[in-house]
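Here's a quick briefing on the empty and filled spaces in this one. Have the structure open while you read.

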Amino acid sequence: MRTAICPGSYDPITLGHLNVIRRAARLFDKVVVCVGVNAGKHALFTLEERMDHIRRVTARLGNVEVASWDGLQVDFAKNYENPVLVRGLRTITDFEYEFQMEMFNKRLNKDVETIFLAAAEKYTYLSSSAVRELALYGADLSSYVPYEILEEVAERGRAK
Ligand code: ADP
């Protein structure tokens with residue numbers, strides 16, 4: 001059994017994240033979406049809210065589960081059978097950061113591989129931070145976040 005670990009902040013989960021999770025679910029026996037405990041001081045949603053969003057939008061994918069972790073990704077990965085870290089790559093900016101992370105992770109645990117899935121073309125420039133910004137100004141988010149959480153994200157933006 002091979003397990004894909006998809007780590008991230010997911011504040012909030014976007015259609016770009018969901019695209020990567022769906023593709024990982026086809027490639028691996030099991031996918032664990034691992035939500036980082038600390039999303040920083042600009043977080044729009046609490047850890048529990050972010051996990052609940054992911055559970056709802058992945059409910060129809062039978063081999064996806066959601067977890068949280070406060071620590072190194074490789075230490076989280078060790079809890080699973082044949083773990084592989086799966087990260088989405090959008091632009092050259094992601095590339096530099098992701099390669100740095102991959103190097104440290106490999107030094108921390110040489111048995112945990114990282115693989116990268118190229119972002120779907122239409123989501124190349126989509127990020128949670130852009131969604132948070134758009135939500136603050138009441139923009140239409142329907143092309144960017146899953147419909148199950150659309151109203152919640154819009155409402156939280158209005159409340160800020
Ligand atoms: P982090 O804080 O670790 O960057 P994010 O929640 O922003 O967490 O992203 C988690 C993962 O999802 C990362 O691998 C990131 O590159 C990937 N990702 C984010 N947005 C997209 C997108 N639009 N398309 C594909 N992958 C994405």
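This is a predicted model, and it holds one cavity of 30 Å³ or more. The space in this largest cavity comes to about 40 Å³. The ligand is somewhere else to look: the space it takes is the largest pocket.

**The cavity**
- Its lining is made up of Gln73, Arg87, Glu98, Met101, Glu102, Asn105 and Thr114.
- H4 puts in the largest share of that lining, with four residues.
- Sorted by class, the cavity lining has three charged, three polar and one nonpolar residue.

**The shell around the ligand**
- You'll find 15 residues surrounding the ligand, and the closest are Ser9, Tyr10, Gly88, Tyr123 and Leu126.
- Strands E1 (3-8) and E4 (83-89), plus helices H1 (15-27) and H4 (92-108), each bring at least two residues to this shell.
- H1 is the top contributor here, with three residues.
- The class split for the shell is six nonpolar, five polar and four charged.

**Polar contacts and cover**
- On the side-chain front, an N or O atom of Ser9 sits 2.6 Å from an oxygen atom of the ligand.
- The backbone joins in too: a polar backbone atom of Gly88 is 2.6 Å from a ligand oxygen, and one of Tyr10 is 3.0 Å from a ligand oxygen.
- On its own the ligand has 550 Å² of accessible area, and the protein covers 84% of that.

Definitions and conventions. Residues are numbered from 1 along each chain as its sequence is written. This is a predicted model: local features need pLDDT of at least 70, side-chain atom pairs count only at pLDDT 80 or more; totals for chains, interfaces and linings use all residues. Side-chain values use heavy atoms; hydrogens and water are left out. A residue is near a molecule or strand if one of its heavy atoms lies within 4 Å of it. A polar contact is a pair of N or O atoms within 3.5 Å; within protein, one must be able to donate a hydrogen and the other to accept it, and residues adjacent in sequence count only if both atoms are side-chain atoms. Accessible areas come from the Shrake-Rupley method with a 1.4 Å probe; for residues, only the protein chains shown count as cover. On a 1 Å grid over the protein atoms alone, a cavity is a set of points where a 1.4 Å probe fits but cannot get out, and a pocket is an open set with protein on both sides within 12 Å along at least five of seven lines; lining residues have an atom within 4 Å of a point. A molecule sits in a cavity or pocket if more than half of its atoms lie within 2 Å of its grid points. Ala, Val, Leu, Ile, Met, Phe, Trp, Tyr, Cys and Pro count as nonpolar, Asp, Glu, Lys and Arg as charged, and the others, Gly among them, as polar. Grid points are joined across faces, edges and corners, and a volume is the space filled by probe spheres set on the points.
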